[in-house]
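I opened this notebook to record what I looked up in the structure, sheet by sheet and then residue by residue. The entries follow the order in which I went through the two chains.

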Amino acid sequence: MANRGGNSASRAGGSAGTGSNRTCQFKLVLLGESAVGKSSLVLRFVKGQFHEYQESTIGAAFLTQTVCLDDATVKFEIWDTAGQERYHSLAPMYYRGAQAAIVVYDITNQDSFQKAKNWVKELQRQASPNIVMALAGNKADMANKRTVEYEEAQAYAEDNALLFMETSAKTSMNVNDIFMAIAKKLPIGPPPGQPQDTVDVNQPAQQQKSGTCCK
Amino acid sequence: MLPYAAYKVYQKRKENQREMEEALGSLTSNLSRSIIPDQVVMKIQRVSAKLSEEGDDYIPGTLSIVEKAQGVFIEWSPYEEGMDSGWVIPGENGQEESIRASPPSLSPNNTHSGDVYSKLRFSLDVNDLSSFKNVEPRRKDKGMHYIRLICKDGTSYVPLYFQNGETTSFFTVLQRYITLRRSAKDPTLVVVADTKAEALAQSVSALDQNGDILSRLMKNPYSTAMTGFSKITSFMQDQVIPALLDSDEVSQEEKIRAMRELRLKDEDHQLRVHSDAGGEFEVVTQLELPPRPDIFRESPVTKTLWDSFKLPDGTFDQQKLHHLKMNVFRGGLSEDLRKEAWKYLLDYKDWFESTATFEKKKAILTEEYNRMKSQWQSITTDQESRFFKYSKRKGLVEKDVARTDRTVPYFRGDENPNLKVLQDMLMTYVMYNFDLGYVQGMSDFAAPILYVMNDEIDAFWCFVGLMQRIQPNFEKDQANIKLQMNQLKDLLVIVNPKLANYLEAHQSDDMYFCFRWVLVWFKREFSFSDTCKLWEVIWTGQPCPNFLLLLCVAILDSQTTIIIDNKFGLTEILKHVNDLSGHLNLDEVLTSAEAIFHQLSASQDKLPLHIREYLNFSRDENAASTP
């Protein structure tokens with residue numbers, strides 16, 4: 001919440017007051033092998049912070065962050081999960097009903113890339129059929145220790161219709177971008193119960209609302 | 001359906017309003033984006049953030065309310081370093097507490113500090129505010145008034161202490177933007193009124209009072225509107241009618257919530273049905289537990305007291321052992337005693353084993369440790385390349401050691417030798433128990449033990465003793481965690497049925513938001529030193545097994561009003577519970593858990609069988625139930 005209206009939000013500036021702006025909420029889950037940087041990505045995205053020795057996640061953490069697109073405001077409800085395989089049985093609880101997922105691997109760890117592929121497979125089988133999936137090759141600042149080639153991951157992502165970016169929670173490279181890219185792919189239809197051709201009786205409130213998010 | 005006349009009136013008003021808004025809107029939207037600068041409506045100096053419940057680390061800063069183009073924000077930021085440093089305020093106990101302007105130094109009590117300084121700054125949209133704790137000092141001249149802001153998404157911000165006591169002006173300004181209401185149940189909780197929901201509720205009761213105003217409107221729209229509506233406040237016209245017209249605006253969720261709350265009220269007076277472990281249904285009437293007794297913590301057990309329980313050969317007097325454990329339960333251990341006492345509490349040393357016998361045992365265990373350690377140490381890189389199960393475990397341990405308690409001085413710094421000891425301990429445990437291996441959470445237990453023992457071998461065997469008890473929590477099927485979650489829920493149903501019902505109505509009765517508490521025994525919730533104190537209390541096994549679950553119940557019980565009055569749902573509950581980390585008062589939690597135990601103990605005859613079993617009440621000779 002602290003960094004609301006940071007980089008990601010300001011890009012879509014100027015859309016307020018058009019009357020077409022609306023807020024959509026989406027559930028996003030982060031999955032991936034232990035210590036690939038899931039919590040760090042979320043922390044960078046939500047609070048603009050990075051901790052070198054980020055503690056392992058026990059159970060799950062929940063954070064929210066809002067980004068503004070040209071015609072809508074997307075509020076992400078982010079579930080950050082524990083990575084170790086031992087806690088795999090808890091994962092369905094968190095990805096159930098998720099409209100978006102970021103599967104994270106560590107570009108310096110080949111095994112974590114394999115794990116990421118397993119997560120993708122599991123999501124394809126078990127998650128909502130329309131889930132928007134992104135693959136994040138994190139720790140891109142450590143490219144000198146790279147064991148997963150960019151092209152390899154990109155090809156895999158293309159084959160599976162995943163958004164793909166290499167990210168660095170440490171330098172914040174591509175962190176906002178990957179969330180923005182997901183936001184743009186999410187189905188932002190008319191708000192439920194409000195067909196577009198009817199008069200919106202509460203329009204003033206609506207305008208106010210959108211005004212609070214976008215610059 | 002609204003009568004046409006009323007609709008017309010509404011339409012007309014609406015049109016006027018829209019015209020004005022359009023005119024104003026084009027003006028302000030252009031202005032707000034380009035010209036109007038942020039306007040600081042109020043600024044209060046010397047509002048300090050308190051880092052954690054424990055200790056006296058306050059970071060002074062400025063609290064302000066700022067009108068921006070995108071909304072109204074409550075902002076707090078710490079003073080720049082070096083500015084206005086070192087001021088002094090009267091402390092809770094009358095003595096002076098100094099408040100620094102620079103980041104506090106790190107002590108073992110301060111695991112949550114990290115780079116707190118920048119972390120604490122925040123800017124919060126008033127529309128995201130759900131409620132806040134507003135706690136006044138018991139006496140005007142002692143202590144400080146503080147507030148803690150809580151967001152709709154469950155986020156709780158750091159407590160803010162007002163040195164100048166200027167809270168009134170803060171509330172007055174805040175009231176310009178949002179409606180505040182004191183919680184009826186918790187006088188320290190101020191809730192942001194949901195004007196739309198309240199308007200709807202009022203409108204319904206207003207319609208009731210007017211004896212079906214709608215049907216009268218149908219019969220004689222004009223006169224009814226004139227006489228009826230004129231009695232209704234302008235608030236009604238502005239808020240209620242549009243809300244009624246636009247039924248979609250009352251979200252489905254709100255309706256469901258309202259219905260659930262009604263149901264909760266009903267249920268409070270009804271019989272409760274509980275399914276017992278055998279699968280048979282048992283009807284339990286709502287239990288009236290006796291009032292909670294006042295419990296006080298005692299001072300830590302000193303070395304002198306501890307030694308007075310020992311016989312000359314170093315063994316403990318069996319008759320008095322329970323008494324000693326109760327002493328530890330009530331007050332914990334003094335720091336210098338931990339190294340010795342933990343060996344007993346963690347079953348490394350036997351209470352009835354003489355010093356001489358232990359020395360012999362220790363020699364064997366030392367040898368055994370070194371043997372297991374050399375087993376994994378002798379695995380070469382080449383061999384490891386074909387030994388995936390091993391190298392995988394090794395990788396997990398390495399990753400977690402690197403991020404366990406690194407803010408505690410004992411583990412701070414990149415080349416810290418204690419990290420290697422922790423790594424070796426955990427790797428040797430992998431060899432000791434290869435079937436279980438290393439599971440996340442274990443390093444959280446191992447680190448404080450190593451810190452207290454400051455000896456690799458002693459720490460290892462103490463860790464083994466602890467793992468003996470908690471190993472089921474780390475098993476793959478998670479059955480033991482699920483079992484404890486169920487037990488926790490059952491206990492909550494007895495102790496706080498209102499909250500238990502609320503959680504059930506909000507899909508949170510699987511209690512998974514307590515997962516972290518139960519898995520690593522509150523390690524992530526309390527400071528490093530509080531964790532040590534808490535664990536030694538639990539390790540005594542007093543006053544009942546599953547005291548850990550009563551601690552969970554006590555914390556949840558203390559959050560009842562916040563959870564319910566903020567209308568937290570599944571995600572907000574999880575977030576709120578996670579955010580309690582660093583802000584719980586250990587002594588309060590311990591005393592209320594003990595008080596709850598006494599409550600239950602006093603009515604044990606009426607408790608369902610499974611609850612008696614959880615708390616070991618089934619045995620009549622349970623001596624622990626009384627001090």
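**Entry 1: the sheet of chain B**

I began with strand β1 (residues 39–50) of chain B, which is joined to strand β9 (residues 160–162) of chain B by 3 bridges, the two strands running antiparallel. Within that pairing I looked up B:Ala49, and its bridge partner in β9(B) is B:Leu160. I note here that I am working on a predicted model.

I then followed the pairing outwards and found that 9 strands of chain B form an open sheet in the order β6-β3-β2-β1-β9-β8-β7-β11-β10, with antiparallel pairing. The edge strands of this sheet are β6 (122–125) and β10 (180–182) of chain B, each of which pairs on one side only. From one strand to the next, the twist averages 30°.

Next I asked which helix packs on this sheet. It is helix α3 (residues 167–174) of chain B, and I listed its contacts as β1, β2 (58–68), β3 (71–78), β7 (129–135), β8 (145–151), β9 and β10 of chain B. The direction of α3(B) makes about 135° with that of β1(B).

**Entry 2: domains of chain B**

I took the domain bounds from the assignment for chain B, which gives domain 1 (37–192), domain 2 (195–269), domain 3 (273–297 + 477–624) and domain 4 (346–474). For the contact between domain 1 and domain 3 of chain B, I counted 27 residues from the former and 22 residues from the latter. The area buried between these two domains is about 1900 Å², and carbon and sulfur atoms give 50% of it.

**Entry 3: two residues of chain B**

I looked up B:Thr315, which lies in the loop between α9 (303–308) and α10 (318–331) of chain B. Is B:Thr315 buried or exposed? Its relative accessible area is 8%, so B:Thr315 counts as buried, the cut-off being under 20%. The side chain of B:Thr315 makes a polar contact with the side chain of B:Asp313 at 2.8 Å. Leaving out residues up to four places away in sequence, I found B:Thr315 touching B:Phe309, B:Lys310, B:Trp351, B:Phe352, B:Glu353 and B:Ser354.

I then turned to B:Val421, which lies in helix α15 (residues 417–432) of chain B. B:Val421 has 21% relative accessibility and therefore counts as partly exposed. With residues up to four places away in sequence again not counted, B:Val421 touches B:Leu450 and B:Glu456. I also checked a distance: the C-alpha atoms of B:Val421 and B:Ile562 are separated by 43 Å, and the two residues are 141 residues apart along the chain.

**Entry 4: chain A in outline**

For chain A I recorded 7 helices and 6 strands, which follow the pattern α-β-α-β-β-α-β-α-β-α-β-α-α along the sequence. Chain A has 215 residues, of which 57% count as buried. Among contacts in chain A with a separation of 6 or more, 75% come from residues 24 or more positions apart.

**Entry 5: the sheet of chain A**

I found 6 strands of chain A forming an open sheet in the order β2-β3-β1-β4-β5-β6, with mixed pairing. Strands β2 and β6 (163–166) of chain A stand at the edges with a single partner strand each, so one side of each has no neighbour in the sheet. Neighbouring strands of this sheet are turned by 20° against each other on average, with direction ignored. Helix α2 (residues 38–47) of chain A packs on the sheet, touching β1, β2, β3, β4 (100–106) and β5 (132–138) of chain A, and its direction makes about 150° with that of β3(A). I also noted helix α4 (residues 110–126) of chain A, which lies across β1, β4 and β5 of chain A and runs at about 160° to β4(A).

**Entry 6: strand β3 of chain A**

Finally I examined strand β3 (residues 73–81) of chain A, which is mostly covered, with 8 of its 9 residues buried. Strand β1 (residues 23–32) of chain A runs parallel to β3(A) and is joined to it by 8 bridges; in this pairing A:Val29 has A:Trp79 as its bridge partner. Strand β2 (residues 60–68) of chain A pairs with β3(A) in the antiparallel sense over 9 bridges, and A:Gln65 stands opposite A:Phe76 in β3(A). I closed the entry with the hairpin that β2(A) and β3(A) form, which has 4 residues between the two strands.

Conventions: Residues numbered from 1 in each chain as written. Chains lettered and ligands numbered in written order. Predicted model: local features only at pLDDT ≥ 70, side-chain atom pairs only at ≥ 80, totals over all residues. Heavy atoms only, no water. Buried < 20%, exposed > 50% of the residue type's maximum accessible area, 1.4 Å probe, protein only. Pairing = 2+ DSSP bridges. Axes fitted to C-alpha atoms, helices over the stretch in contact; angles between N-to-C directions. Contact = heavy atoms within 4.5 Å. Polar contact = N/O pair within 3.5 Å; in protein donor to acceptor, adjacent residues only side chain to side chain. Domains from an automatic or database assignment. Buried area = accessible area lost by both parts, 1.4 Å probe.
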